[in-house]
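Let's take a walk through this protein together, starting from a single residue and working outwards to the whole fold. Keep the structure open beside you as you read.

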Amino acid sequence: MAIPELRSVLAATDLSDFGNHVVPYAYAITARGGVVHLLHVIEPVMEPNPLYAHYEPINFPTPEERAREKADLAARLRTLVPSNASALGIETRPTITEAKDVAEAIRAEAERVGAGAICLSSHGRTGIVKVVLGSIAQEVVSRSHRPVLVVRPQSKP
């Protein structure tokens, strides 16, 4: 059996220090000349229903403001690219997408770009905390037909 060559890898991050920890791993498993798709998922802007008892009108961002926000987030993703990525011939394609279901957005983006693997971080929560907070990583692993590399927190010495 041949060793697979990963020419396209999707790395999802929430842009936290912990979430960004997965990015170098995505570059590590991407073949020379491949592409790393850096993904950040944001919630869609949804107007609250005025029929709800606690309705308060809010100022929604204009399409131009939302486009600027996405451009700023894409620029933040570009700052995560390892310095030696271009020397390895690895291209980076940042993507900002809007979705309520983050795990589904990650899975769908991996399908859209034809990723050979998905990389993401997991807080490694267990027990009741995991039940209450859910686990994006677990959802992606269970929903995706692609290999998923889950990077857990580093243990403290």
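## Starting from one alanine

Setting aside residues up to four places away in sequence, Ala11 touches Ala26, Val36, His37, Leu38, Leu39 and Cys119. Please keep in mind that this is a predicted model.

Ala11 also belongs to the largest nonpolar core, which has 20 residues. The members that touch the most other members are Ala11, Ala26, Tyr27, Val36, Leu38, Ile96 and Cys119. At least two residues of this core come from each of strand 1 (8–12), helix 2 (23–29), strand 2 (35–42), helix 3 (63–78) and strand 4 (117–121). A second core, separate from this one, has 15 residues, and Leu39, Ile106, Ala115 and Val140 are among them. As background, nonpolar side chains tend to be buried together in soluble globular proteins.

## The whole chain

Now let's step back. The protein chain holds 6 helices and 5 strands, and from the N terminus on its elements follow the order β-α-α-β-α-β-α-β-α-α-β. Of its 157 residues, 32% are buried. Among contacts with a separation of 6 or more, 76% are between residues 24 or more positions apart.

## The sheet

The 5 strands form an open sheet in the order 3-2-1-4-5, with parallel pairing. Strand 3 and strand 5 (148–151) are the edge strands, each pairing on one side only. From one strand to the next, the twist averages 20 degrees.

Some of the pairings can be followed down to individual residues. Strand 1 pairs with strand 2 in the parallel sense over 5 bridges, and Ser8 has Val35 of strand 2 as its bridge partner. Strand 2 also runs parallel to strand 3 (residues 91–98), and 8 bridges join them; here the bridge partner of His37 is Arg93 in strand 3. Further along, strand 4 and strand 5 pair in the parallel sense over 4 bridges, with Val151 of strand 5 as the bridge partner of Ser121.

How many residues of strand 2 are buried? The count is 8 of the 8, so strand 2 is largely enclosed by the rest of the structure. Both of its faces are covered: Val35, His37, Leu39 and Val41 are buried on one side, and Val36, Leu38, His40 and Ile42 are buried on the other. In a regular strand, side chains alternate between the two faces of the sheet.

## Two helices side by side

Here are helix 3 and helix 4 in a small table.

| Helix | Residues in helix | Expected span at 1.5 Å a residue | Distance between end C-alpha atoms |
|---|---|---|---|
| Helix 3 | 16 residues | 22 Å | 23 Å |
| Helix 4 | 12 residues | 16 Å | 17 Å |

For helix 3, the expected span and the distance between the ends agree. The two values for helix 4 agree as well.

**Helix 3.** The buried residues here are Arg66, Leu73, Ala74 and Leu77. They cover an arc of only 100 degrees around the axis, which puts them on the same side of helix 3. These buried residues pack against strand 2 and strand 3. The face turned away from the buried side carries the exposed residues Glu64, Arg68 and Asp72. An α-helix has 3.6 residues a turn, so residues three or four places apart point the same way.

**Helix 4.** In helix 4 (residues 102–113), the buried residues are Ala103, Ala105, Ile106, Glu109, Ala110 and Val113. Seen down the axis, they fall within an arc of 165 degrees, so they line one face of helix 4. Their packing partners are strand 1, strand 2, strand 3, strand 4 and helix 6 (136–143).

## A glutamate to look at

Is Glu109 buried or exposed? Its relative accessibility is 7%, which is under the 20% cut-off, so Glu109 counts as buried. Leaving aside neighbours within four places in sequence, Glu109 is in contact with Leu10, Leu39 and Thr95. Leu39 has come up before: Ala11 touches Leu39 too, and Leu39 is a member of the second core.

Key:
Residues are numbered from 1 along each chain as its sequence is written. This is a predicted model: local features need pLDDT of at least 70, side-chain atom pairs count only at pLDDT 80 or more; totals for chains, interfaces and linings use all residues. Side-chain values use heavy atoms; hydrogens and water are left out. A nonpolar core is a set of buried Ala, Val, Leu, Ile, Met, Phe, Trp, Tyr and Cys residues joined through side-chain atoms within 4.5 Å. Buried means under 20% relative accessible area, exposed over 50%, partly exposed in between (1.4 Å probe, protein chains only). Contact means heavy atoms within 4.5 Å. Two strands pair if DSSP finds at least two bridges between them. Axes are lines fitted to C-alpha atoms, for helices over the stretch in contact, and angles run from 0 to 180 degrees between N-to-C directions. The expected span of a helix is 1.5 Å times one less than its number of residues. The arc is that of the directions from the helix axis to the C-beta atoms.
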